[in-house]
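Thanks for coming, everyone. Please have the sequence and the model open while I talk. We will go through pockets, helices and two residues.

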Amino acid sequence: MILQTDAAFLKVMVDAAEAAYPAEACGLIIGRGKGQLVRVTAIVPAPNLLAATGDRFELDPAVRIKVERDLREAGSKDRIVGHYHSHPDGTSEPSAVDRVSAFEPDMAWVIVGVLQGQAIHVAAHRLDERRNAFRTVPMRIPKKSACAPT
């Protein structure tokens, strides 16, 4: 998988991570694609049901159910392709808790590392069930062409 996202979508995730600090932020990543390239089409922030812990997240399942229903009812080709969350005062690498919590190998895990309230790094990962670990997912942020309409 290669996760292609616009800078604006990346900013939504980073802004959410900084705003939630010192708790973890979380949300869904909506997209579409065939083969290896998956293009992000929307970011849906979600409440973290475990925000009070400061070092865990649980995305509100009601948000996921609503997004799945809305996409289905709209007849959209978009689908949930992953989720994002932050690591307050941590890195953008998956934690041991992330590994225990992961169960959908087709989903991207975008993690925003936040240090003292400032996002310092963003990385995408995907569960490799055979190795019982995560592997890095390349992220592509296309640059606007000088000839592209604005």
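**Pockets, helices and two strand residues**

Let's start with the largest pocket: α2 (61–74) and β4 (79–88) each give at least two residues to its lining. One caution before we go on. This is a predicted model.

Which element supplies the largest share of that lining? It is β4, with three residues. In total, 15 residues line the largest pocket. Those nearest its centre are Phe57, Leu59, Arg64, His83 and Phe103. The space inside is about 340 Å³. Now sort the lining by class. Nine residues are nonpolar, three are polar and three are charged.

Next, the second largest pocket. It holds about 150 Å³ of space. Its lining includes Met1, Gly35, Gln36 and Val38. Arg79, Ile80 and Val81 line this pocket too. So do Asp106, Met107 and Arg126. Here β4 again gives the most, three residues. By class, this lining has five nonpolar residues, two polar and three charged.

On to the helices. Take α2. It has 14 residues, and at 1.5 Å a residue they should span 20 Å. The end C-alpha atoms are 20 Å apart, so the model agrees with the expected span.

Which residues of α2 are buried? They are Val63, Val67 and Leu71. These three cover an arc of only 65° around the axis, so they sit on the same side of α2. Here is the background. An α-helix has 3.6 residues a turn, so residues three or four places apart point the same way. What do the buried residues of α2 pack against? The partners are β2 (26–32), β3 (37–46) and β4. Now look at the face turned away from the buried side. Arg72 and Glu73 are there, and they are exposed.

Now α1, residues 7–20. Run the same check. Its 14 residues should span 20 Å at 1.5 Å each, and the end C-alpha atoms are 20 Å apart, which agrees. The buried residues of α1 are Phe9, Leu10, Met13, Val14, Ala16 and Ala17. Seen down the axis, they fall within an arc of 160°, so they line one face of the helix. That face packs against β2, β3 and β4. It also packs against β5 (108–115), β6 (118–128) and β8 (139–140). On the other side of α1, Ala8 and Ala19 are exposed.

Let's finish with two residues. The first on my list is isoleucine 29, in strand β2. Is isoleucine 29 buried or exposed? Its relative accessible area is 1%, and buried means under 20%, so isoleucine 29 is buried. Beyond its neighbours up to four places away in sequence, isoleucine 29 touches Met13, Val40, Ala42 and Ile43, among others. Its contacts also include Arg79, Ile80, Val81, Gly82, His83 and Tyr84. Val110 is another one. Compare leucine 50. It is 21 residues from isoleucine 29 along the chain, and their C-alpha atoms are 19 Å apart.

Then histidine 83, which sits in strand β4. Remember, histidine 83 is one of the residues nearest the centre of the largest pocket. Its relative accessibility is 13%, so histidine 83 counts as buried. Leaving out neighbours within four places in sequence, histidine 83 contacts Gly27, Leu28 and Ile29. It also contacts Phe57 and Leu59. Ala108, Trp109 and Val110 are contacts of histidine 83 as well.

That's my tour. Thank you.

Conventions: Residues numbered from 1 in each chain as written. Predicted model: local features only at pLDDT ≥ 70, side-chain atom pairs only at ≥ 80, totals over all residues. Heavy atoms only, no water. 1 Å grid on protein atoms, 1.4 Å probe; cavity = no way out; pocket = protein on both sides within 12 Å on 5 of 7 lines; lining within 4 Å. Points joined across faces, edges and corners; volume = space filled by probe spheres on them. Helix = DSSP H or I, 4+ residues; strand = E, 2+ residues; numbered from the N terminus. Nonpolar A, V, L, I, M, F, W, Y, C, P; charged D, E, K, R; others polar. Expected span 1.5 Å × (residues − 1). Buried < 20%, exposed > 50% of the residue type's maximum accessible area, 1.4 Å probe, protein only. Arc of directions from axis to C-beta. Contact = heavy atoms within 4.5 Å.
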